[in-house]
Amino acid sequence: MLDSVVWTDHVLPAMAPHLGIGVWQEKEYYPRTRDTAGRLISFDRWMALVDYYKAQAPKNIPPAQRPVPFRNDSFVFRLRKPLWTDSIHTAATGMVCIDSSGHNVFFAGALDNLLYRWNGRDTPVAVRQLPSPAVRMLLEKDRPGRAVLTCIGNMRAVDRAEGEVLELPLNGDPKASPVVIAGHLPRPVQAVPGDFNGDGRQDWVVCGFGHNRGGLFLLEQKADGGFNRKVLREVPGAEQAVVTDFNRDGRPDILALFAQADEGVWLFLNEGRGRFTVKNLLRFPPVFGSTSFQLTDVNKDGRPDILYTCGDNADYSQELKPFHGVYLFLNQGGTRYRQAWFYPVNGCTKAVAADMDEDGDVDIASIAFFGDLEHCPEETFICFEQDRPMHFIPHAIPVHASGRWISMDLGDLDGDGDPDIVLGNYSNGLIIQDHLVPDWNTTLPVILLENKSRMP
């Protein structure tokens, strides 16, 4: 899955210290005893492992072959850009969110830590300062005008528990202090509500992506409004959670995607009173770089299927990978899933499913932050039109010159009944293709793809 140069120059030297093996800068190894647990592998055995990868890993990885070629068109969308006069500062939009009821787009900058509001036409307005970059926003359905933001604490891959989950008003005094639902979290990336212990109070499940440490946490609300924190799975890479009654017993269950090392989708079945039974549904190699998933009934059999993407490519194996892309796993009943469709997309970051052309079936939109920016920038945003059951036509929407997309949200912004899409531009940094100079817009923070399927 990786070529020999990546193994010998990057992955193995990064692996060695975890096993008690020292590494010289010239990628030479030497025996070293760890202060805590001692060496975890003999030096001779380690060198045999290195020799194996040198001999057996392929010299290069062939690129993926697309099963269906792109159509370079706009599909059902029309591009809209904000009136944005700042041509100096670099766009680093880490979060976008469509407020369908208020007909607004909210987005957050990862460099200035500001939350902005945009009506889809005019100039975005700064709403308030945040303590750290916001990476998720949840609009509270039962409390209009209020939102819950997940602030990561630190965008860099560090083990610092500086993240927070905040509840704040979107109107009124921008300096009013937010309600801190939880703090001191290891780089949290999402918070999802639910009453998991059946006491009538709203709890939260929080994904702490972390770095070498992280986990999936349950925040149980107490009678005084505070929260008790429980660990559901204490491993780094908790990426995304979906709360649903999976087994239809009346209690909310949790499906969670984990990235980093032990990658896959885990089901946490709610047994009541805050207890869960854990079952793995899907598992992936650690080089996949899992990035997102969504439950959606693609084949309309009444069972939730899994739309999944992988493509995080910022670690030790920074090369284009033919297994990155968009996957569909069909529900076979119970907790069994079968891969039914895959489309290769280098560095795929997220996919969302909806009936975008309003023909009665599920279509898919994907973004790729680590796409092949040099040779195929079109793949950074693709809409997959389902023209017959489980067959998709990829439309490469011509927006790659407007930015580099790290965040995406789908919703009915203009209230006409069809789904629109907003994309967030994280325009610079983490480019894995050497010497590539950005030729896309580096200052525009967001764009809107207005769905025109209902327009005359």
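Let's begin with one residue: K279 is found in strand β19, which covers residues 275–284. Strands here are DSSP runs of E with at least two residues, numbered from the N terminus. This is a predicted model, in which local features need pLDDT of at least 70 and side-chain atom pairs count only at pLDDT 80 or more, while totals for chains, interfaces and linings use all residues. Residues are numbered from 1 along each chain as its sequence is written, and side-chain values use heavy atoms, with hydrogens and water left out.

**Around K279**

Is K279 buried, exposed or partly exposed? With a relative accessibility of 39%, K279 counts as partly exposed. Buried means under 20% relative accessible area, exposed means over 50%, and partly exposed lies in between (1.4 Å probe, protein chains only). If we leave aside neighbours within four places in sequence, K279 is in contact with V265, W266, L267 and T335. Contact means heavy atoms within 4.5 Å. S4 is 275 residues away from K279 along the chain, and 35 Å separates their C-alpha atoms.

**Aromatic rings**

Strand β19 also holds F284, which forms a ring pair with Y308 in strand β21 (residues 305–310). The two residues are 24 apart, and the pair links distant parts of the chain. A pair of aromatic rings is described by the distance of the centres and the angle of the planes. For F284 and Y308 the centres are 4.1 Å apart and the planes meet at 15°, so the pair is stacked. Rings of Phe, Tyr and Trp (its six-membered ring) pair if their centres lie within 6.5 Å; planes under 30 degrees apart count as stacked, over 60 as edge-to-face and the rest as tilted. F284 is buried, with a relative accessible area of 9%, and Y308 is buried at 0%. F284 and Y308 belong to one aromatic cluster along with F288, F323, Y327, F329 and F342. Across the whole structure, a search finds 25 aromatic pairs.

Charged groups can sit over rings too. R233 lies over the face of F258, 4.5 Å from the ring centre, and the charged end of R404 sits over the ring of F370 at 5.8 Å from its centre. The rule is that NZ of Lys or CZ of Arg must be within 6 Å of the ring centre and within 35 degrees of the ring normal.

**The largest nonpolar core**

In soluble globular proteins, nonpolar side chains tend to be buried together. Here, the largest nonpolar core has 20 residues, and F258 is among those with the most contacts inside it, as are V205, L216, L232, I254, F268 and F276. Such a core is a set of buried Ala, Val, Leu, Ile, Met, Phe, Trp, Tyr and Cys residues joined through side-chain atoms within 4.5 Å. Which strand gives the most to this core? Strand β17 does, with 3 residues. Beyond its neighbours within four places in sequence, L216 is in contact with residues including V205, L232, I254, F258 and F268.

**A covered strand**

All 6 of the 6 residues of strand β9 (residues 146–151) are buried, so β9 is largely enclosed by the rest of the structure. On one side R146, V148 and T150 are buried, and on the other A147, L149 and C151 are, which leaves both faces covered. β8 and β9 form a hairpin with 6 residues between them, and G145 in the turn has a positive phi of about 85°.

The table shows some antiparallel strand pairs; two strands pair if DSSP finds at least two bridges between them.

| Strand pair | Bridges |
|---|---|
| β8 (residues 134–139) and β9 | 5 bridges |
| β9 and β10 (residues 163–169) | 6 bridges |
| β4 and β5 (residues 104–109) | 6 bridges |
| β24 and β25 (residues 363–367) | 5 bridges |

Within these pairs, A134 stands opposite C151 in β9, T150 stands opposite V165 in β10, and D99 stands opposite N104 in β5.

**Two open sheets**

One open sheet has 4 strands in the order β4-β5-β6-β7, with antiparallel pairing. Its edge strands, β4 (93–99) and β7 (125–129), each pair on one side only. Another open sheet of 4 strands runs β24-β25-β26-β27, also with antiparallel pairing. There the edge strands are β24 (350–354) and β27 (391–396). In this sheet, A351 has S366 in β25 as its bridge partner.
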